[in-house]
Amino acid sequence: MKLMRVGVFGQETPVVLCDGRYYDLRPLTPDIDGTFLESDGLHRAQIALDSGELPTVEITGQRIGAPIARPGAVHCIGQNYAAHAAESGAVPPEEPILFHKLPNTVVGPYDEIEIPVGSWRTDWEVELGIVVGRRAHYLETLGEARGCVAGFVTSNDVSERAFQLGRPGGQWAKGKCCPTFNPVGPWLVPAFAVPDPGVLEVRSWVNGEPRQASKTSDMIFNVAEIVWHLSQFLVLEPGDLINTGTPEGVALSGRFDYLRPEDVVEVEVSGLGRQRNVCKRA
């Protein structure tokens, strides 16, 4: 079972993809949002699908949106792969590095990526995305942390390095929060359908040429550790998105050119779907 949202931006409707057929999720919820996730919506959707309660729907020709409604927060973990930390010129962190993106950076998996005005170092970052399913604050165990995960998505933490690293004082937020800088999807896959999020392949391509190729087993901090750690400092809310970091192979390494208009970026996490975004000048 894979959950999606289709339709024009801001007016998407929820559907379920199963065995090549699409089913209307609106009998259960108007959207795939925090309210739906917190009410055990993914298990209820599976039950409704298995019992034949959801009608089929045709989505041909419709835009595919992000599989979650606009999140309340987008939490991001920096330098969570040792090799990427090295290519960034940093030592591996001793605890998760946290920064944030604005919720309005989230777009669909096939929407255009806008290269910002005045930028020249726009970069790609394929990441495993965690979707929070219940409120989490001061969690005591990693088991509790795992229980707060609703599901997983493919996420691209697009970054403008000239804004992030080339301005006085270090300006991570300025390099991360440009419009369209977080394509998500195409699917939300429930946590109960991902037996081990620590063995997933994460890959990226630019204009068909391979860039990143790694596995989530190379993460310094795993999914449960990230959720537990964040809960010690802030409140995670249902529907929040957590980007868990990217492996080596980005343009920041110096091995590849940065993105330019008309470039095609593709990112994929095994089992969670593949994105394809064309770049344009904002």
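In this predicted model, strand E10, which spans residues 126-132, is largely enclosed by the rest of the structure, because seven of its seven residues are buried. The burial can be followed face by face. On one side of E10 lie Val126, Leu128, Ile130 and Val132, and on the other lie Glu127, Gly129 and Val131; all of these residues are buried, so that both faces of the strand are covered.

The neighbours of E10 within its sheet come next. Strand E11 (residues 149-156) runs antiparallel to E10 and is joined to it by seven bridges. Two of the facing pairs can be picked out here: Val132 of E10 has Val149 of E11 as its bridge partner, while Leu128 stands opposite Thr154 in E11. Strand E17 (residues 241-243) also pairs with E10 in the antiparallel sense, here over three bridges. In this pairing, Ile130 is matched with Ile242 of E17.

These pairings belong to a wider arrangement. The sheet is open and made of six strands, in the order E6-E5-E17-E10-E11-E14, with mixed pairing. Strand E6 (97-101) and strand E14 (189-190) form its edges, each pairing on one side only.

A charged residue away from this sheet's strand list also deserves a look. Glu160 sits in strand E12 (residues 159-160). Glu160 is buried yet takes part in no salt bridge, and the nearest side chain of opposite charge, that of Arg121, is 5.8 Å away. The backbone of Arg121 offers another partner: its nitrogen is reached by the side chain of Glu160 at 3.1 Å. Leaving aside residues up to four places away in sequence, Glu160 touches Ser119, Trp120, Arg121, Thr122, Gly175 and Phe181.

Some details of the backbone round off the picture. The peptide bond from Gly185 to Pro186 is cis, with omega near 20°. Pro186 is located in the loop between strand E13 (182-183) and E14, the latter being one of the edge strands of the open sheet.

Positive phi values are found at two residues other than glycine, Asp40 and Gln79. For Asp40, phi is near 60°, and the residue lies in the loop between helix H1 (34-38) and helix H2 (41-50). Asp40 counts as partly exposed because its relative accessibility is 41%. For Gln79, phi is near 50°, and the loop concerned runs between strand E5 (74-78) and helix H3 (82-87). Gln79 has a relative accessible area of 16% and is therefore buried, the cut-off for burial being under 20%.

How values were computed:
Residues numbered from 1 in each chain as written. Predicted model: local features only at pLDDT ≥ 70, side-chain atom pairs only at ≥ 80, totals over all residues. Heavy atoms only, no water. Buried < 20%, exposed > 50% of the residue type's maximum accessible area, 1.4 Å probe, protein only. Helix = DSSP H or I, 4+ residues; strand = E, 2+ residues; numbered from the N terminus. Pairing = 2+ DSSP bridges. Lys, Arg positive; Asp, Glu negative; His and termini not counted. Salt bridge = Lys/Arg side-chain N within 4 Å of Asp/Glu carboxyl O. Polar contact = N/O pair within 3.5 Å; in protein donor to acceptor, adjacent residues only side chain to side chain. Contact = heavy atoms within 4.5 Å.
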